[in-house]
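Me: I have a model open on my screen and would like to talk through how its parts pack. Could you take me through it step by step?

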Amino acid sequence: MFFPILGPLFVIALGAGALMLALSLVLLARYRRSGRVTWPRLVVFAAGLLYSPLSAVLRRVGKSPQVLDLWVIDAANARMERRFARAGPVRLLVMPQCLRAGECRARLDPVEGYQCRRCGKCALGELGVAAERAGFRFFIVPGDRYAKRLARELGADAAIGVACPPELSSAM
């Protein structure tokens, strides 16, 4: 009794997946032409669900899959823009540790990340001062998991994270 239903359900699910993949490709093509994200919620959902097939299609047609990461980042930013503007006072600016100077002597604090000494060997010290002036708490962290934990533990109302596109896309 249960098995005769599986076939039609599978066909429906396969059709829905193919339709979502096609719609995602149309929206991605539109993004590539205009630089604007249409339907950001759908983009974030579809890219999360169909990242591998979308990436494979892009490679197959000779395009870099990095555009997929940029699309997801732009969509997530567009989706959160109004909420960010209305967010409460606990705001974070989180920078990756890979932007530190090679001779940086900042120590890694297990709770708050790298403690910048503002030595002037890189721009992170100046950025930290500007961020704090603008009302942000400034952090330099070793990875996205660290940043997520930090935001959760501090009860962040809003956060700006800086990272390379693949890492930022997966973190969003």
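Reply: Happy to! One definition helps at the start: a charge sits over a ring if NZ of Lys or CZ of Arg is within 6 Å of the ring centre and within 35 degrees of the ring normal. Please keep in mind that this is a predicted model.

Me: With that in hand, which residue lies over the face of Tyr146?

Reply: The distance from the ring centre of Tyr146 is 4.6 Å, and the cut-off is 6 Å. The residue lying over that face is Arg149.

Me: And over which ring does the charged end of Arg100 sit?

Reply: Here the charged end is 3.9 Å from the ring centre. The ring under Arg100 belongs to Tyr114.

Me: Let's turn to the helices. Are helix 1 and helix 2 roughly parallel or roughly perpendicular?

Reply: Helix 1 covers residues 3–34 and helix 2 residues 40–60, and their axes are 9 Å apart. They pack at an angle of about 90 degrees. Angles of 65 to 115 degrees count as roughly perpendicular, so helix 1 and helix 2 are roughly perpendicular.

Me: How many charged residues does the contact of helix 1 with helix 2 have?

Reply: On the helix 1 side, the residues include Met20, Leu21 and Leu28. They meet a helix 2 set that includes Phe45, Leu49 and Val57. By class, this contact has 16 nonpolar residues and two polar ones, and the number of charged residues is none.

Me: How many charged residues are in the contact of helix 1 with helix 3?

Reply: These two helices pack at about 85 degrees, with axes 11 Å apart, and are therefore roughly perpendicular to each other. Ser24, Leu27, Leu28, Tyr31 and Arg32 in helix 1 meet Val67, Leu70, Trp71 and Asp74 in helix 3. The contact divides into six nonpolar residues and one polar, and the charged ones number two.

Me: Why do the rings of Phe84 and Phe136 count as stacked, tilted or edge-to-face?

Reply: The ring centres are 6.4 Å apart, and rings pair if their centres lie within 6.5 Å. Phe84 lies in helix 3 and Phe136 in strand 4, so the pair ties together parts that are 52 residues apart in sequence. The planes are at 20 degrees, and planes under 30 degrees apart count as stacked, so the pair is stacked.

Me: Is Phe136 buried or exposed?

Reply: Its partner Phe84 is partly exposed, with a relative accessible area of 27%. For Phe136 the value is 15%, and the cut-off is under 20%, so Phe136 is buried.

Notes
Residues numbered from 1 in each chain as written. Predicted model: local features only at pLDDT ≥ 70, side-chain atom pairs only at ≥ 80, totals over all residues. Heavy atoms only, no water. Axes fitted to C-alpha atoms, helices over the stretch in contact; angles between N-to-C directions. Helix = DSSP H or I, 4+ residues; strand = E, 2+ residues; numbered from the N terminus. Parallel < 35°, antiparallel > 145°, perpendicular 65-115°, else oblique. Contact = heavy atoms within 4.5 Å. Nonpolar A, V, L, I, M, F, W, Y, C, P; charged D, E, K, R; others polar. Phe/Tyr/Trp six-rings, centres within 6.5 Å; stacked < 30°, edge-to-face > 60°. Buried < 20%, exposed > 50% of the residue type's maximum accessible area, 1.4 Å probe, protein only.
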